[in-house]
Amino acid sequence: METQQPTKSQTVAELYRSHSGRILNYIRTRIENKEEAENLAQDVWIKILESEVALAAETALAYIYKVAANLINDYLRKLYVRIETREEVEKTYTERTPLTPLQEYMARELAAYEMVRVECLPPQRRTIYKMSRFDDMPVADIADSLQLSFRTVENHLRMGRKDVRSYIAAIA
């Protein structure tokens with residue numbers, strides 16, 4: 001009688017049970033944000049499941065750590081770009097000249113169009129958008145306040161911003 005080989009999902013499930021804590025700790029030591037570390041740890045296992053690579057018992061753990069290291073590098077690269085961009089924007093805005101009356105009028109008009117579209121968003125997305133845009137709340141604080149996952153808030157915020165941008169672009 002033949003012995004059945006475990007499926008990839010069974011292999012990954014077993015690896016997850018035995019190594020998920022260590023992978024999370026590995027990521028946490030390299031990223032200061034606990035929520036982001038947990039999200040990246042989840043992404044590691046998703047990448048492993050979605051990959052075309054066959055997992056061999058001898059190399060599986062090394063492969064998992066390599067995926068984690070690559071995700072950490074991608075995360076940090078994006079983080080540094082965001083920080084540099086934020087610093088550049090802050091520098092630009094502190095050096096800008098006063099607006100002309102026409103520019104002020106146009107800014108008020110755009111703000112009015114934005115509010116029209118925001119009011120058309122689904123209730124939860126509208127709330128998240130307003131908390132981020134007008135109350136200047138970070139995603140983590142919004143997630144805590146509304147008792148939603150970080151990723152859910154990120155997704156609603158991304159979709160809300162995209163919706164508002166496309167609306168303004170269509171009328172401008």
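# Reading a helical chain: a guided conversation

Guide: From the N terminus on, the elements of this chain run α-α-α-α-α-α-α, and since you have a predicted model before you, please keep in mind that everything we discuss describes that prediction.

Visitor: How many helices and how many strands does the chain have?

Guide: The chain has seven helices and zero strands, and we can use the helix numbers as addresses for the residues that we visit.

Visitor: What radius of gyration does the chain have, and what would a compact globule of 172 residues have?

Guide: A compact globule of 172 residues would come out near 16 Å, whereas the chain has 22 Å. You can set beside this the extent of the C-alpha trace, which spans about 85 × 35 × 30 Å along its principal axes.

Visitor: What share of the residues in the chain is buried?

Guide: Of the 172 residues in the chain, 26% are buried, where the word buried stands for a relative accessible area under 20%. Take Tyr75, which is found in helix 3: this residue counts as buried because its relative accessible area is 12%. Tyr75 also shows how parts of a sequence can be compared in space, for its C-alpha atom is separated by 8.9 Å from that of Glu36, although the two residues are 39 residues apart along the chain.

Visitor: Now I would like to read the charges. How many salt bridges does a search of the whole structure find?

Guide: The general idea is that side chains of opposite charge can pair when their charged atoms come close. In this structure, a search of the whole model finds eight salt bridges. One of them joins the side chains of Arg133 and Glu114, with a distance of 2.7 Å from N to O. This pair links distant parts of the chain, since Arg133 belongs to helix 5 (residues 123–133) and Glu114 to helix 4 (residues 101–120), 19 residues apart.

Visitor: Are these two partners, Arg133 and Glu114, buried or partly exposed?

Guide: Here the two must be read separately: Arg133 is partly exposed, with a relative accessible area of 46%, while Glu114 counts as buried because its relative accessibility is 6%.

Visitor: Which residue forms a salt bridge with Arg117?

Guide: The partner of Arg117 is Asp163, and the closest N and O atoms of this salt bridge are 2.9 Å apart. Because Arg117 lies in helix 4 and Asp163 in helix 7 (residues 150–171), the pair ties together parts that are 46 residues apart in sequence.

Visitor: Where do Glu154 and Arg151 lie?

Guide: Both lie in helix 7, three residues apart, which is about one turn of the helix, and they form a salt bridge whose closest N and O atoms are 3.7 Å apart. Glu154 is partly exposed at a relative accessible area of 29%, and Arg151 is likewise partly exposed, at 33%. Salt bridges that share partners join Asp43, Arg151 and Glu154 into one network.

Visitor: Which residues gather in a patch of positive charge on the surface?

Guide: The patch is formed by Lys47, Lys78, Arg82 and Arg86, and its largest share, three residues, comes from helix 3 (residues 60–94). To belong to such a patch, a residue needs over 30% relative accessible area and no salt bridge. Arg82, which is found in helix 3, is partly exposed because its relative accessible area is 43%.

Conventions:
Residues are numbered from 1 along each chain as its sequence is written. This is a predicted model: local features need pLDDT of at least 70, side-chain atom pairs count only at pLDDT 80 or more; totals for chains, interfaces and linings use all residues. Side-chain values use heavy atoms; hydrogens and water are left out. Patches are made of residues with over 30% relative accessible area and no salt bridge: like charges are joined within 9 Å, nonpolar side chains (Val, Leu, Ile, Met, Phe, Trp, Tyr) within 5 Å. Accessible areas come from the Shrake-Rupley method with a 1.4 Å probe; for residues, only the protein chains shown count as cover. A salt bridge is a side-chain nitrogen of Lys or Arg within 4 Å of a carboxyl oxygen of Asp or Glu. Lys and Arg count as positive and Asp and Glu as negative; His and the chain ends are not counted. The place of a charge is taken as NZ of Lys, CZ of Arg, CG of Asp or CD of Glu. Helices (H or I, at least four residues) and strands (E, at least two) are DSSP runs, numbered from the N terminus. Buried means under 20% relative accessible area, exposed over 50%, partly exposed in between (1.4 Å probe, protein chains only). The radius of gyration is taken over C-alpha atoms; the globule rule is 2.2 Å times the number of residues to the power 0.38.
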